[in-house]
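Here's a look at how cysteines pair up in one protein structure, followed by a quick tour of one of its helices. Keep the 3D view open while you read.

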Amino acid sequence: MLVRILVLLYLVGAPALAQTLCQPNASNGYRVRISIKTALGNQAYEWNENEMFLFQATMAFAMRRYYKTETYNVDNIIVCNQTRRVSFWFVVISPENPTMLIPKADVEKAVSALTTRLPCRPMSNSMSRHRINNAFLLTDRTLEFLGIHPTLAEPVNPDTPPWLIVFGVVIGAVFAGIIALLVSSLLQKRRKEKGMMEDGQDEEDRQMKGVENGINLDGIYNRGFTDDDRFTKL
Amino acid sequence: MPEEGMENSKGGEERPKWNNKAEYLLTCIGFAVGLGNVWRFPYLCQIYGGGAFLIPYLIALVFQGLPLLYLELAIGQRLRMGSIGVWNSISPYLGGVGVASMVVSLCVSLFYNTIVAWVLWYLFNSFQEPLPWSQCPLNHNNTGYVEECVESTPVNYFWYRKTLNITPNMETSGSLQWWMVVSLATAWSIVYICFIRGSRPSAVYVTATFPYLVLTIFLVRALTLPGSSEGLIYLFTPDVRPLSNPQVWLDAATQIFFSLSVAFGGLISFSSYNSQKNNCERDAVLVGVINSATSIYASIPIFAILGFKAHTNYVTCLNGNILALTNEFDISDMNITVENYEQWFDSLNGTHPSRVSDLNLKTCDLQTFLDQSASGTGLAFIVFTEAVISMPGSQVWAVLFFIMLFSLGLSSMFGNLEGVLTPLHDLKLVPKWMPNELFTGKTLICLVLFLVSLIFTLGSGNYWLEIFNSYVGSVPLLIIAFFEIIAVAYIYGIGRFSDDLEFMTGHRPNIFWKVCWLVISPLMLFVVLVAYVAVQAQTHPTYPAWNPDYVNFPDTEVLPYPDWVFAICVLLSSVPVIFIPLVAIYRLICCMSGRHSEDRLHNDPNPYANEGYVVES
């Protein structure tokens, strides 16, 4: 009989004891804020007891990964003060000693990720936050641990800046074009010179117009021909 | 493509010729339609009462823009020379007008190609995911984002720091920014390759038509974006109240004037390659109307996108407030939305005013966001890039936009350089020992221009560019145009000019053109010039400096120009114009000392006198 009363007391008292451990603004607790509709829009799921169970399980998972020696369970994550927002407070108690709270700093280390490159690289502790987010299909912004700053998404820094690549392509094409034009104009000039030497009769005509007029490929306006020549010819 | 035409009445010089009429028109349109059509006209429309601004704009076009344009195309076509030769022909004392045009074209080429280099830089950077101006970079120890970026915006940071690396004021010159030098070299190389060999005509088919294609694509896309209709309504709602402000008329007149690119000498050169029997009246009206139509057409997608940007900013602002309220009062997620925000706010403010006021919510007003306007580089590189980030498929839109700006700038650069190269050939400044092959003349000029424009790649380069833009590209052009119109209407004589026009187009100019050339246009130009100078003189010249240490950062710090800079400004305005009296005095001295033998090569005989010369005799 006494044993039964004791068991009853324990069963009643333990949760009550646990509840007193978890309070809003508890020194070793964290507040969590979840925005499912913002993240998922039409595909938002409803936050209910089962989702809360999943949260407790993932927190226990995070604690297990951090403290590799101790085995945490769902009972070790105590949740309270849930609001419609959805937000709630949680504390973590040690599996060996139910009255002892895990310090805030340790919980933070277990939860937060170190600075990672996107996509997540498998570094031991950094995966936790990423995994917690993924369990709920949320992001750092929609699953907030107030007080634990989300890691800054480091911008991707490729080894060669992409703009240099584009610039290289463009300038290469331009230089190729310039060289092609120069070479072709030289070839044309040489062809015309050969034509001039073979055809001597045109020399006189050309001299009338001025030697500078021999090459007209570049479209430069040539003023070699002036009125004076014409007058003297007459 | 030179034509050895002996039928030219100007003594049979060989002048390059257009392949066909379309090339000529496209080149003129490409020269006239430039960056200003896209980023200055919509801004003016916005600040001066939307649709109502079209009234002073069209009046300025009809009474000032078209007559000037017709005049330049006509004298170029008739006298068949570049700007210096043309004015020398009309009167030797007015040769200075041509020299002034050339100097202005030279200075404008310098800074205009720098803008093209900026566009290229942004184009190169648009091929990244995500766009580099969409997020802030991390600082040294990876603890947070760069402070300058956080305090302003990522777009501002990318423009002022990553692109310009701007110094806090003009006295600090900073150093040459290598990435800017590289972009500038690319810009000059592309201009060079289009210019040598006269291959410019083939490039013009692309550079003149491509912007229209892109504008149409943007129009279609922009109209499907949320918030675009608000931008369009904002733009086109006519508000006649600002029309009583004389500043509106001044801005309309200057906008038309600079937009048509008259007084640069480039248009004269272009039309000098025409045959003499070309109907330049129709060409002038066509180019002028197309230029203005392009401005109006460009403002539609620009403003649709600005409306979209304002809408996005408004929604972001509201969402920030909504999040604050939701978190503070533990309301269920997404219960407060953009639609019912007002009601929630009123009810919460009624019940818990102190808590609500502690949140320091921002006032989100769509009108304020729509009023945030910008023109020029601010529009293209700050406002538009910010809008592009929010559009799905940002890279495509960014690439398209900057290619459009690039082709607009390139086609205008052709005209600028034409205004420099043709007079130089006319003046025969290229020494005889320089071989004509390998285009050394053009190569040298492009190289020299590139080296000089390296000033604009310094840390303080943007400040210098603004100075060049304001002082070279404004008052000297007005003065040159004034002298042009006086020279043709009064010194050359309206009678002789009408005879020339009859020879070229087949009919004499009607009374409208004559009245404009004789009275209205010179008067308008004179009034605009005086008013412009008066307005500029009233305000002590200052410039907005980007200074991260400024107290009110991210607002720009308004600093006055140092004295030596101001002296340079005055120099820039007066040096082109000083050639007009200088050359007149020089000719007077030469004339009085009886030495006109060397003038004959430069000063061609009166074109009218050559009319009688026929080949057969």
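## Cysteine links and a helix

Over all chains, this predicted model holds two disulfides. Here they are side by side:

| Pair | S to S distance | Angle about the S-S bond |
|---|---|---|
| B:Cys136 and B:Cys149 | 1.9 Å | -85°, left-handed |
| B:Cys317 and B:Cys364 | 1.8 Å | -80°, left-handed |

What does the link of B:Cys136 and B:Cys149 tie together? B:Cys136 sits in the loop between α6 and α7 of chain B, and B:Cys149 is in helix α7 of chain B, so the link connects parts that are 13 residues apart in sequence. Both B:Cys136 and B:Cys149 are buried.

Now the other pair. B:Cys317 belongs to helix α14 of chain B while B:Cys364 lies in the loop between α16 and α17 of chain B, so this pair bridges parts 47 residues apart in sequence. B:Cys317 has a relative accessible area of 9%, so it's buried. B:Cys364 is buried too, at 18%. Number the bonded cysteines of chain B in sequence order and the pairing reads 1-2, 3-4.

What about B:Cys590? It's in no disulfide: the nearest cysteine sulfur, that of B:Cys591, is 8.4 Å away. B:Cys590 still counts as buried, at 3% relative accessibility.

Last stop: helix α20 of chain B. With 13 residues at 1.5 Å a residue, α20 should span 18 Å, and its end C-alpha atoms are indeed 18 Å apart. Its buried residues include B:Gly441, B:Ile445 and B:Phe450. The buried residues cover an arc of only 160° around the axis, so they're on the same side of α20(B). Among the elements covering them are α6, α9 and α19 of chain B.

Conventions: Residues numbered from 1 in each chain as written. Chains lettered and ligands numbered in written order. Predicted model: local features only at pLDDT ≥ 70, side-chain atom pairs only at ≥ 80, totals over all residues. Heavy atoms only, no water. Helix = DSSP H or I, 4+ residues; strand = E, 2+ residues; numbered from the N terminus. Expected span 1.5 Å × (residues − 1). Buried < 20%, exposed > 50% of the residue type's maximum accessible area, 1.4 Å probe, protein only. Arc of directions from axis to C-beta. Contact = heavy atoms within 4.5 Å. Disulfide = S-S within 2.5 Å.
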